[in-house]
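Morning, everyone. I have a few surface and ring details to walk through. Let me put the structure up.

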Amino acid sequence: MGSEMCIRDRSDAGRAHYADFMRDLKDNFDVKDMGIASTYLGININHHEDGSIMIEQSDSIQKAGELYDVQQRKPFATPMLESLTLSKADSSSSPEDCEFMRGKNYKEIVGKLLYFAVMTRPDVATAVSMLARFMDKPGPKMYKAALRVMNYLYHTRETGITYHP
């Protein structure tokens with residue numbers, strides 16, 4: 001009996017397999033069946049009556065957006081400008097750029113964006129992968145682009161991935 005089938009199968013046979021699976025698990029381990037999951041690793045799991053499941057990270061995105069103070073900024077319809085190009089020439093090199101970047105944790109914001117992109121927000125993956133190329137020496141242009149992506153996520157935080165049966 002495969003555990004994947006037990007968990008996904010909603011038929012009477014599937015429920016019986018699940019009950020057997022849980023009984024076997026409890027016989028060998030200290031396990032508590034807490035019912036249908038609603039959150040996992042900061043991901044909200046929404047179960048719908050039609051059997052579909054939506055995963056989203058609105059709570060985590062809201063906290064991250066507030067950390068970078070994007071909640072008061074104008075919402076954007078896209079995570080990045082289509083015309084935006086980033087290159088090594090945009091990295092911090094001038095004293096003004098270095099001063100602007102002082103105290104800005106570019107690696108932290110891009111790390112959060114990567115997590116969101118991989119887990120529930122593939123719509124920002126291209127923009128985030130472009131930003132991740134400049135972790136070594138980011139400049140103001142990169143930082144502002146990262147804030148734009150965070151702003152986009154914040155204002156679309158209820159968006160996620162829906163799986164249909």
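Is Tyr40 buried or exposed? Tyr40 is exposed, with a relative accessible area of 54%. Keep in mind that this is a predicted model.

Where is Tyr40? Look at strand β1, residues 39-40. Tyr40 also helps make a nonpolar surface patch, together with Leu41 and Tyr115. That patch covers about 350 Å².

Now the aromatic pairs. The structure holds two. I'll take one of them, Phe100 with Tyr143. The geometry is edge-to-face. The ring centres are 6.3 Å apart, and the planes make an angle of 75°. Why call that edge-to-face? Because the angle is over 60 degrees.

This pair links distant parts of the chain. Phe100 belongs to helix α4, residues 95-101. Tyr143 belongs to helix α7, residues 140-155. The two partners are 43 residues apart.

How accessible are the partners? Phe100 is partly exposed, at 28% relative accessible area. Tyr143 has 9% relative accessibility, so Tyr143 counts as buried, the cut-off being under 20%.

Stay on Phe100 for a moment. What lies over its ring? Lys104 lies over the face of Phe100, 4.4 Å from the ring centre. Lys144 also has its charged end over the Phe100 ring, at 5.2 Å from the centre.

So, to recap Phe100. Phe100 pairs edge-to-face with Tyr143. Lys104 sits over the Phe100 face, and the charged end of Lys144 sits over the Phe100 ring too. On the surface, remember the nonpolar patch of Tyr40, Leu41 and Tyr115. Thanks.

Notes:
Residues are numbered from 1 along each chain as its sequence is written. This is a predicted model: local features need pLDDT of at least 70, side-chain atom pairs count only at pLDDT 80 or more; totals for chains, interfaces and linings use all residues. Side-chain values use heavy atoms; hydrogens and water are left out. Rings of Phe, Tyr and Trp (its six-membered ring) pair if their centres lie within 6.5 Å; planes under 30 degrees apart count as stacked, over 60 as edge-to-face and the rest as tilted. Helices (H or I, at least four residues) and strands (E, at least two) are DSSP runs, numbered from the N terminus. Buried means under 20% relative accessible area, exposed over 50%, partly exposed in between (1.4 Å probe, protein chains only). A charge sits over a ring if NZ of Lys or CZ of Arg is within 6 Å of the ring centre and within 35 degrees of the ring normal. Patches are made of residues with over 30% relative accessible area and no salt bridge: like charges are joined within 9 Å, nonpolar side chains (Val, Leu, Ile, Met, Phe, Trp, Tyr) within 5 Å. Accessible areas come from the Shrake-Rupley method with a 1.4 Å probe; for residues, only the protein chains shown count as cover. A salt bridge is a side-chain nitrogen of Lys or Arg within 4 Å of a carboxyl oxygen of Asp or Glu.
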